Amino acid sequence: MAAASAAKGCRKIGGAQIRALLEAKELFLFDCDGVLWHGEKAVAGAAQVVNSLVRRGKSVAFVTNNSTRPRDKYLRKFSRLGFTAVELEHIFSSSYCSALYLRDVAELGAGVGDRDQSQDPGPGRVFVVGGDGLRDELRQAGVPCVEEADDEPPGATIYDCALAADVKAVLVGHDDRLTFLKLAKASCYLRDPDCLFLATDNDPWHPLSGGRILPGSGSLTAALEVASGRKATVIGKPGRFMFECVSGQFPDVEPARCLMVGDRLETDMLFGSNCGLDTMLTLTGVSGMDQARRYGDSQLSADRGFVPDYVVDTVADFLPALEEAEGPGDGP
């Protein structure tokens with residue numbers, strides 16, 4: 001870690017320490033769910049923090065494993081919740097980064113352009129286990145997908161359904177319309193060792209109100225890993241590719257000048273650790289201080305990546321330092 005080795009141990013910071021971070025860092029990466037908002041309610045003070053950082057000339061990026069909506073819908077949500085300084089190029093969702101990977105690394109979208117994909121699918125298509133938001137992001141990047149078979153007869157099974165001959169990748173994201181047939185098709189495609197196996201993220205579950213949880217993309221990926229005997233390449237956090245996407249947008253910012261702010265130790269903090277970033281845990285989401293301390297006390301070297309460099313109760317803890325730096329009358 002760049003400058004935070006003394007801060008390991010999950011001690012909360014505030015005041016002068018936050019002011020020092022504001023001076024030291026150029027790029028602030030924020031997770032969204034649990035850090036900036038809960039559903040359709042912004043975390044108190046979060047919008048003011050983001051807007052103030054941008055006014056001060058800091059760069060911001062939003063790195064979310066949520067693959068359920070394309071970036072343009074995320075932008076509308078930011079605006080709706082008062083994050084008025086956010087622009088489209090600041091947003092890096094796992095669905096967007098997956099589209100970039102398939103287009104630029106796997107080259108499945110190379111040369112697609114405005115071609116009629118139903119007549120000429122090009123170098124191969126992607127079979128998607130995921131929702132409309134993920135498919136929309138792939139289409140916007142020119143990555144051809146296998147369309148969901150609306151014309152299959154009722155009661156179709158893996159014994160009699162159609163399988164596309166040109167599938168070059170299986171991409172798994174959040175899918176609240178998952179069927180056993182969809183899993184079976186994906187398993188068949190993955191029998192080809194040349195077929196890429198990608199996951200938008202490996203989040204195991206997501207919290208809901210009332211103590212309930214929602215299975216995450218990681219649980220669907222795990223099912224296909226068992227069925228195929230293969231391991232998926234994870235595009236989102238804690239994998240490094242998402243940071244490569246961010247670095248492409250902010251090429252002049254060194255990792256040592258970045259701060260990753262998140263609420264989940266196993267994704268956000270590990271993502272920062274994997275990418276050489278200082279990390280900050282905010283206690284408004286999934287992970288708590290006790291869990292972070294358990295990782296900090298662990299004798300396993302693998303657990304060190306889960307330990308945050310800094311801890312705050314909420315991103316709103318930045319506000320006093322930001323207001324002091326801006327002075328009276330600066331900004332709304």
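**A colleague's note on this predicted model**

1. A good place to begin is a group of charged side chains: Asp 31, Lys 237 and Asp 268 are linked in a network of salt bridges. Please keep in mind while you look around that the model is predicted. Across the structure, the count of salt bridges comes to 16. As general background, side chains of opposite charge can pair when their charged atoms come close.

2. One salt bridge to look up is the one where the side chains of Lys 12 and Asp 313 meet, at 2.6 Å from N to O. Lys 12 sits in the segment before helix 1 (16-24), while Asp 313 belongs to the loop between strand 14 and helix 11 (319-326), so the pair ties together parts that are 301 residues apart in sequence. Lys 12 counts as partly exposed, at 45% relative accessibility. Asp 313 is partly exposed too, with a relative accessible area of 37%.

3. Next comes Arg 80, which forms a salt bridge with Glu 40; their closest N and O atoms are 3.0 Å apart. Because Arg 80 lies in helix 3 and Glu 40 in the loop between strand 2 (37-38) and strand 3 (41-42), this pair ties together parts that are 40 residues apart in sequence. Arg 80 is partly exposed at 48% relative accessibility, and Glu 40 is partly exposed with a relative accessible area of 47%.

4. Lys 231 and Glu 225 also meet through their side chains in a salt bridge, at 3.4 Å from N to O. Here Lys 231 is exposed, with a relative accessible area of 66%, whereas Glu 225 is buried, with a relative accessible area of 17%.

5. Now for the aromatic rings. A search of the whole structure finds 11 aromatic pairs. In one of them, Phe 62 and Phe 78 form a tilted pair, 4.6 Å centre to centre with 45 degrees between the planes. Phe 62 lies in strand 4 (residues 59-64) and Phe 78 in helix 3 (residues 71-80), so the two rings tie together parts that are 16 residues apart in sequence. Phe 62 is buried, with a relative accessible area of 0%, and Phe 78 is buried, its relative accessible area being 0%.

6. Another pair is made by Tyr 295 and Phe 306: their ring centres are 4.5 Å apart and their planes stand at 50 degrees, so the pair is tilted. Tyr 295 is in helix 10 (residues 289-297) and Phe 306 is in the loop between helix 10 and strand 14 (310-312), 11 residues apart. Tyr 295 is buried at a relative accessible area of 17%, and Phe 306 is buried at 14%.

7. Ring pairs also build up a cluster, which links Phe 30, Trp 37, Phe 62, Tyr 74, Phe 78 and Phe 83. Arg 69 lies over the face of Tyr 74, at 5.1 Å from the ring centre. Elsewhere, Arg 264 lies over the face of Trp 205, at 4.7 Å from the ring centre.

8. Turning to the strands, four of the five residues in strand 6 (residues 125-129) are buried, which leaves this strand mostly covered. Strand 6 runs parallel to strand 7 (residues 167-172), and five bridges join them. Within this pairing, Phe 127 stands opposite Val 170 in strand 7.

9. Last, have a look at Asp 278, found in strand 13 (residues 278-282). Is Asp 278 buried or exposed? Asp 278 is buried, with a relative accessible area of 0%. Its side chain is joined to that of Lys 25 by a polar contact of 3.0 Å.

Key
Residues are numbered from 1 along each chain as its sequence is written. This is a predicted model: local features need pLDDT of at least 70, side-chain atom pairs count only at pLDDT 80 or more; totals for chains, interfaces and linings use all residues. Side-chain values use heavy atoms; hydrogens and water are left out. Buried means under 20% relative accessible area, exposed over 50%, partly exposed in between (1.4 Å probe, protein chains only). Helices (H or I, at least four residues) and strands (E, at least two) are DSSP runs, numbered from the N terminus. Two strands pair if DSSP finds at least two bridges between them. A polar contact is a pair of N or O atoms within 3.5 Å; within protein, one must be able to donate a hydrogen and the other to accept it, and residues adjacent in sequence count only if both atoms are side-chain atoms. Rings of Phe, Tyr and Trp (its six-membered ring) pair if their centres lie within 6.5 Å; planes under 30 degrees apart count as stacked, over 60 as edge-to-face and the rest as tilted. A charge sits over a ring if NZ of Lys or CZ of Arg is within 6 Å of the ring centre and within 35 degrees of the ring normal. A salt bridge is a side-chain nitrogen of Lys or Arg within 4 Å of a carboxyl oxygen of Asp or Glu.
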